[in-house]
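Dear colleague,

I am passing on the structure we spoke about, with the sequence alongside. Please look through it first, and then compare your impression with the notes that follow.

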Amino acid sequence: MSGRKWLAAACGTVIAIAAAAVPAQAANPIVTNIYTADPAPLVVGNTMYIYAGRDEAPAGSSNFLMREWHVLSSTDAANWTQHGARASISTFGWAGADAWAGEVEPRNGRYYWYTSINGNGAGWMNIGVAVGDSPLGPFTDAKGGPLISDSTANSSGLNIDPTVFVDDDGQAYMYWGGYWAPRAVKLAANMIDTVGSVITPQGLTNYWEAPWMFKRNGLYYLMYAANDTAGCVTDSAYACQRYATATNPLGPWTHRGIVLGQVSSTTNHAGAVEFNGQWYLVYHNANAPGGGNFRRSVAVDRMYFNADGTIQRVAQTTTGPPANPGPPSGSGTNIAPSATPSTSYVSPWENLAAVNNGGAPANSADRSNLAYGNWPQQGTQWVEYTWPSARSLNKAAAYWFDDDQGIDLPASCQVQYWNGSAYVPVPNQSGCGVAGNTENVTTFSTISTTRLRLSITSKTGLSTGLLEWKAFQS
């Protein structure tokens with residue numbers, strides 16, 4: 001493998017060596033009892049997860065030894081819990097060795113883990129994908145073979161480091177590649193097949209490996225490792241993290257600068273995510289006791305944007321970020337009462353005014369502040385808010401109505417917004433909860449809109465209802 005490789009997350013079944021969840025320290029690196037590398041962050045609800053490979057090379061080794069992937073989690077971005085190994089090489093029956101970098105992407109209530117791994121057949125590195133029903137799995141091989149291999153037309157010189165991004169319109173994209181050879185392709189809705197031809201993205205100045213894609217305020221960002229000495233590193237054996245932006249998810253890209261300078265390990269692998277209103281950069285270095293180029297450790301620091309959308313260079317710290325638990329559920333500025341509600345259907349004996357009348361339900365059967373229900377309608381119905389002018393929003397909270405008769409908790413839901421021409425899912429949606437007797441909070445990247453919609457899909461043969469739906473101004 002390349003002496004500059006990293007790993008982030010991969011897929012697989014929960015394996016026997018998975019340890020019980022244990023607390024990790026609130027400092028950088030965030031884990032020091034094992035070595036971890038190639039981190040890929042993911043936010044689900046009020047939790048940030050990091051998917052990372054485990055470095056197992058003995059002291060003095062001159063090569064990587066990586067056989068499994070671990071998961072960490074935090075509710076404040078400072079104090080971390082280790083969940084042990086959640087995947088290994090044995091997760092993929094067609095794999096031979098080398099559990100390298102990957103990333104987990106949610107879609108349709110499931111979690112897809114894309115990873116770099118060496119197959120047993122011809123060629124070297126491949127990209128595989130596994131799937132699980134929760135951020136912690138269990139994960140199983142979703143395809144039974146590589147998604148990308150050396151036999152893929154126009155594949156990279158080294159098929160490693162997949163980053164997957166689902167756009168607001170539901171189209172998924174994957175970027176990957178090492179040895180100065182970035183590649184990109186569209187993914188099918190099933191997330192395990194490609195659509196169309198593999199392309200070579202343009203404009204990624206001094207690209208080496210380790211892409212990471214995200215979107216903010218309608219602009220696409222792609223971070224990646226570079227090893228040039230033109231302001232990046234002092235020695236080309238090391239790497240920095242550069243980034244580019246584009247107005248189209250497949251580019252062309254325009255180089256913008258450096259996100260993260262040289263770290264203490266030769267490899268430099270990073271991922272960015274917004275959590276509780278703050279952006280974070282997750283990366284690795286060699287700073288843990290006994291660490292080195294093949295014994296790396298995950299670190300987390302805050303990341304900031306300038307007013308024009310460019311990224312400030314991240315300051316590497318040994319303390320890590322301060323605790324950021326975010327506002328408690330339901331707090332903040334709820335602007336739902338100032339909106340005009342509407343719906344696809346409301347039962348004649350129920351009341352749409354219930355959704356934003358400021359009620360505080362005691363449980364899902366509490367009618368004391370009115371209730372909205374859409375019986376006898378089944379399937380997908382919706383409730384929406386309209387404001388007279390655009391509002392900036394980044395969170396919503398639904399308290400479901402369940403009368404234990406024809407109205408029950410939903411099968412699923414989705415928060416959507418009006419983008420000026422159509423309703424689309426809010427970006428980076430944390431998931432739309434359907435639990436009873438509680439407020440189900442959905443966070444998302446800040447949007448500006450005059451209309452917010454809650455799309456609700458019922459269980460078979462049943463209808464749905466709401467006691468309160470809050471919308472929070474960012």
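Three strands make up an open sheet in the order β19-β20-β21, and their pairing is antiparallel. Its edge strands, each of which pairs on one side only, are β19 (270-275) and β21 (297-303). On average, neighbouring strands of this sheet are turned by 25 degrees against each other, with direction ignored. Please bear in mind, here and below, that this is a predicted model. Between β19 and strand β20 (residues 278-285) the antiparallel pairing runs over six bridges, and Tyr-283 in β20 is the bridge partner of Ala-270.

The loop between β20 and β21 also leads to the charged pairs, since Arg-296 lies there while Asp-55 belongs to strand β3 (residues 47-55), so their contact ties together parts that are 241 residues apart in sequence. The two residues form a salt bridge in which the closest N and O atoms are 2.8 Å apart, and both Arg-296 and Asp-55 are buried. Asp-38 also belongs here, being linked with Asp-55 and Arg-296 in a network of salt bridges.

Over the whole structure the search finds 12 salt bridges, and two others may be worth setting beside that one. Arg-67 forms a salt bridge with Glu-56, with 2.9 Å between the closest N and O atoms; both residues lie in the loop between β3 and β4 (68-74), so this pair ties together parts that are 11 residues apart in sequence. Arg-67 is partly exposed, with a relative accessible area of 43%. Asp-133 forms a salt bridge with Arg-110, the closest N and O atoms here being 2.8 Å apart. Because Asp-133 lies in the loop between β9 (125-132) and β10 (140-141) and Arg-110 in strand β8 (residues 110-119), the pair ties together parts that are 23 residues apart in sequence. Asp-133 is exposed, with a relative accessible area of 56%, whereas Arg-110, at 33% relative accessibility, counts as partly exposed.

Turning to the aromatic residues, the count comes to 22 aromatic pairs. One of them is formed by Tyr-221 and Tyr-243, whose ring centres are 6.3 Å apart and whose planes meet at 20 degrees, so the pair is stacked. This pair links distant parts of the chain, with Tyr-221 in strand β16 (residues 219-226) and Tyr-243 in strand β17 (residues 240-246), 22 residues apart. Both count as buried, Tyr-221 at 1% relative accessibility and Tyr-243 at 2%.

The pair of Trp-349 and Trp-375 is tilted, with 6.0 Å from centre to centre and 50 degrees between the planes. Here, too, distant parts of the chain are linked, as Trp-349 is in the loop between β23 (340-343) and β24 (372-373) and Trp-375 in the loop between β24 and β25 (380-400), 26 residues apart. Trp-349 is exposed, with a relative accessible area of 54%, while Trp-375, at 40% relative accessibility, counts as partly exposed.

Elsewhere, Tyr-49, Tyr-51, Trp-69, Trp-113 and Phe-139 form one aromatic cluster. Finally, you may wish to look at Arg-453, whose charged end sits over the ring of Trp-382, 3.9 Å from its centre, and also over the ring of Tyr-423, 3.9 Å from the centre of that ring.

With best wishes

How values were computed. Residues numbered from 1 in each chain as written. Predicted model: local features only at pLDDT ≥ 70, side-chain atom pairs only at ≥ 80, totals over all residues. Heavy atoms only, no water. Phe/Tyr/Trp six-rings, centres within 6.5 Å; stacked < 30°, edge-to-face > 60°. Helix = DSSP H or I, 4+ residues; strand = E, 2+ residues; numbered from the N terminus. Buried < 20%, exposed > 50% of the residue type's maximum accessible area, 1.4 Å probe, protein only. Lys NZ or Arg CZ within 6 Å of the ring centre and 35° of its normal. Pairing = 2+ DSSP bridges. Axes fitted to C-alpha atoms, helices over the stretch in contact; angles between N-to-C directions. Salt bridge = Lys/Arg side-chain N within 4 Å of Asp/Glu carboxyl O.
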